[in-house]
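Please open the structure in a viewer and keep the sequence at hand. This tour proposes one selection after another and states what is found at each stop.

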Amino acid sequence: MFCVTLLKIKLLFDIITLRGGRKLLLKLPPELAAMVEAYIPPFTDVVRNNHQIMNMKNHTELVADLTHQIKTCFEAVEKANIHLWPSLVNPELRPGGSRHRPSNDKRTVDFVLDRCYDSWVETPGAIDVIKILLDFPDRALEMAGINSGELS
């Protein structure tokens, strides 16, 4: 679920970029729009290869579904190991620095972060989403500006 959460966040970012990018490009002259489009970050294959998503006029329902799925994944990971998310957002909290965690939790956090941390760092904003979910679990995604109303 830890990696699935990252994938869901990447998809959400793609949908937000897709919608925002289209709004911007429509306001530009075609020649300039083509040049700007070359600098828009590439979408994940899931979004790029899904013609239904790429051609949608309104992504509100999709964004609402993804935000719900992200929160569900977040909660499942938190339930499985309460130390994993804090260790992701604050690497100083990794197990080596704490004597209070049971050894299985230490090994799990080290194992998962050793294999996945770079992927989280390579996705700008992904760790910030987790920080917000940790700090404001009830209103996290709305406070981050990730809500369905912005994309209608």
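Select serine 87 to begin. Is this residue buried or exposed? Serine 87 counts as buried, because its relative accessibility is 1% and the cut-off for buried is under 20%. The model is a predicted one, and in it serine 87 lies in helix H6. Display the side chain of serine 87 and follow it to the backbone oxygen of histidine 83, which it reaches at 2.8 Å.

**The whole chain**

Now zoom out and colour the chain by secondary structure. The view should show nine helices and zero strands. Read along the sequence, the pattern is α-α-α-α-α-α-α-α-α. The chain has 152 residues, of which 34% are buried. Consider next the contacts in the chain with a separation of 6 or more: 70% of them are accounted for by residues 24 or more positions apart.

**The aromatic rings**

Return to helix H6, and select tryptophan 85 together with tryptophan 120. A search of the whole structure finds four aromatic pairs. One of them is formed by tryptophan 85 and tryptophan 120, with 5.6 Å from centre to centre and 75° between the planes. Why is this pair called edge-to-face? The angle of 75° is over 60 degrees, and therefore the pair counts as edge-to-face.

Trace the chain from one ring to the other. Tryptophan 85 belongs to helix H6 (residues 84–89) and tryptophan 120 to helix H7 (residues 103–121), so the pair links distant parts of the chain, 35 residues apart. Tryptophan 85 is buried, with a relative accessible area of 1%, and tryptophan 120 also counts as buried, at 1% relative accessibility.

Add Phe2 and Phe74 to the selection. Ring pairs link Phe2, Phe74, Trp85 and Trp120 into a cluster.

**Where two helices pack**

Keep Phe74 in view and select helix H5 (residues 60–80) and helix H8 (residues 126–135). Two packed helices are described by the angle between their axes and the distance between the axes. For H5 and H8, the angle is about 70° and the axes are 11 Å apart. H5 is therefore roughly perpendicular to H8.

Which residues meet here? From H5 come Ile70, Phe74 and Glu78, and from H8 come Ile130, Leu133 and Leu134. The residues of this contact comprise five nonpolar, no polar and one charged.

Select leucine 133, which lies in helix H8. Leucine 133 counts as buried, at 1% relative accessibility. Draw a line from its C-alpha atom to that of isoleucine 70: the separation is 9.7 Å, although the two residues are 63 residues apart along the chain.

**Two further selections**

Select lysine 71, which has its place in helix H5. Lysine 71 is partly exposed, with a relative accessible area of 24%. Not counting residues up to four places away in sequence, lysine 71 touches Pro137 and Asp138. The C-alpha atoms of lysine 71 and isoleucine 130 are 9.5 Å apart in space, while the two residues are 59 residues apart in sequence.

Finally, select asparagine 55 in helix H4 (residues 51–55). Is asparagine 55 buried or exposed? Asparagine 55 is exposed, with a relative accessible area of 54%. Its C-alpha atom is 9.9 Å from that of leucine 18, and these two residues are 37 residues apart in sequence.

Technical notes:
Residues are numbered from 1 along each chain as its sequence is written. This is a predicted model: local features need pLDDT of at least 70, side-chain atom pairs count only at pLDDT 80 or more; totals for chains, interfaces and linings use all residues. Side-chain values use heavy atoms; hydrogens and water are left out. Rings of Phe, Tyr and Trp (its six-membered ring) pair if their centres lie within 6.5 Å; planes under 30 degrees apart count as stacked, over 60 as edge-to-face and the rest as tilted. Helices (H or I, at least four residues) and strands (E, at least two) are DSSP runs, numbered from the N terminus. Buried means under 20% relative accessible area, exposed over 50%, partly exposed in between (1.4 Å probe, protein chains only). Axes are lines fitted to C-alpha atoms, for helices over the stretch in contact, and angles run from 0 to 180 degrees between N-to-C directions. Angles under 35 degrees count as roughly parallel, over 145 as roughly antiparallel, 65 to 115 as roughly perpendicular and the rest as oblique. Contact means heavy atoms within 4.5 Å. Ala, Val, Leu, Ile, Met, Phe, Trp, Tyr, Cys and Pro count as nonpolar, Asp, Glu, Lys and Arg as charged, and the others, Gly among them, as polar. A polar contact is a pair of N or O atoms within 3.5 Å; within protein, one must be able to donate a hydrogen and the other to accept it, and residues adjacent in sequence count only if both atoms are side-chain atoms.
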